[in-house]
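Okay, thanks for squeezing me in. I'll put the structure up and then walk through it piece by piece.

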Amino acid sequence: QIIEVIRRRSYTLAMCHVSDKNFAAAMESIADALAKTPPHDPWQVQELTFWLGVAQMQEKNYSEAVATLKKFLALFPPGAFKLPSYAKQFPATAKIPEAEILIG
């Protein structure tokens with residue numbers, strides 16, 4: 001039970017750093033959250049991966065950001081953002097166009 005609480009809190013902490021625009025701390029918290037075992041739910045992994053790429057971009061780690069955002073895009077099947085039922089289950093789908101713009 002304690003491991004599960006820590007795992008859930010790691011996601012929350014990472015998202016708090018993103019919300020506060022503390023991108024250096026966010027990168028560390030997100031990396032920690034993504035390394036947790038058992039892994040987070042797929043929708044949380046998608047959110048964390050996207051925000052890791054954004055944080056890296058904000059911290060001017062451009063090559064890492066591009067690699068992370070490509071990893072984010074690879075988490076979805078082709079055309080996922082056009083499938084309402086998929087997008088409902090995985091809200092980070094809405095961030096696909098933004099990730100593509102950031103990569104470009």
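**Starting from one histidine**

Let me begin with H17, which, leaving aside neighbours within four places in sequence, is in contact with N22, A25, A26 and S29. Before I go on, keep in mind that this is a predicted model. So, where does H17 sit? It belongs to helix 1, residues 2–19. Buried or exposed? H17 counts as buried, because its relative accessibility is 18% and the cut-off for buried is under 20%. One of those contacts has a polar part to it: the side chain of H17 makes a polar contact with the side chain of S29, at 3.4 Å.

Now look from the other end of that pair. S29 lies in helix 2, and with a relative accessible area of 9% S29 is buried as well. Not counting residues up to four places away in sequence, S29 touches S10, L13, A14 and H17.

Staying with helix 2 for a moment: this one covers residues 23–34, so 12 residues. I like the sanity check here. At 1.5 Å a residue the span should be 16 Å, and the end C-alpha atoms are 16 Å apart, so the two agree. Which residues of helix 2 are buried? They are F23, A25, A26, M27, S29, I30 and A33. As a reminder, an α-helix has 3.6 residues a turn, so residues three or four places apart point the same way. And what covers the buried residues of helix 2? The cover includes helix 1 and helix 3.

**Two cores**

Next, the nonpolar packing. The largest nonpolar core has 13 residues, and F50, F72 and F76 are the ones with the most contacts inside it. Which elements give two or more residues to this core? Those are helix 3 (42–58), helix 4 (62–74) and helix 6 (96–103). There is also a second, separate core of 12 residues, and A26, M27, I30 and L48 are among its members. You'll recognise A26, M27 and I30 from the buried list of helix 2.

If you click on F72, you can follow its surroundings. Again leaving aside neighbours within four places in sequence, F72 is in contact with Q46, T49, F50, A92, K95, I96 and A99.

**The aromatics**

How many aromatic pairs does the structure hold? Six. I'll show two of them, and as usual a pair of aromatic rings is described by the distance of the centres and the angle of the planes. F72 and F76 are edge-to-face, with 5.0 Å centre to centre and 75° between the planes. Both F72 and F76 are buried.

F76 then pairs with Y86, also edge-to-face, at 6.4 Å centre to centre and 75° between the planes. F76 is in the loop between helix 4 and helix 5, whereas Y86 is in helix 5, so this pair ties together parts that are 10 residues apart in sequence. Y86 is buried, just as F76 is. Zoom out, and F50, W51, F72, F76, Y86 and F90 form one aromatic cluster.

**Charges**

Last topic. Side chains of opposite charge can pair when their charged atoms come close. How many salt bridges does a search of the whole structure find? Two.

One is between K95 and E47, at 3.1 Å, N to O. This pair links distant parts of the chain: K95 is in the loop between helix 5 (84–89) and helix 6, E47 is in helix 3, and they are 48 residues apart. Check the accessibilities, too: K95 counts as buried because it comes out at 17%, and E47 counts as buried because it comes out at 9%. K95, remember, is also on the contact list of F72.

Then there's K36 with D32, where the side chains meet at 3.5 Å, N to O. K36 is found in the loop between helix 2 and helix 3. Here K36 is partly exposed, with a relative accessible area of 21%, and D32 counts as partly exposed at 40%. Not counting residues up to four places away in sequence, K36 touches I6, R7 and S10. S10 is a residue that S29 touches too. To place K36 relative to the aromatics, its C-alpha atom is separated from that of F72 by 18 Å, and the two residues are 36 apart along the chain.

That's my tour, so over to you.

Technical notes:
Residues numbered from 1 in each chain as written. Predicted model: local features only at pLDDT ≥ 70, side-chain atom pairs only at ≥ 80, totals over all residues. Heavy atoms only, no water. Core = buried A, V, L, I, M, F, W, Y, C linked by side-chain atoms within 4.5 Å. Buried < 20%, exposed > 50% of the residue type's maximum accessible area, 1.4 Å probe, protein only. Helix = DSSP H or I, 4+ residues; strand = E, 2+ residues; numbered from the N terminus. Contact = heavy atoms within 4.5 Å. Polar contact = N/O pair within 3.5 Å; in protein donor to acceptor, adjacent residues only side chain to side chain. Salt bridge = Lys/Arg side-chain N within 4 Å of Asp/Glu carboxyl O. Phe/Tyr/Trp six-rings, centres within 6.5 Å; stacked < 30°, edge-to-face > 60°. Expected span 1.5 Å × (residues − 1).
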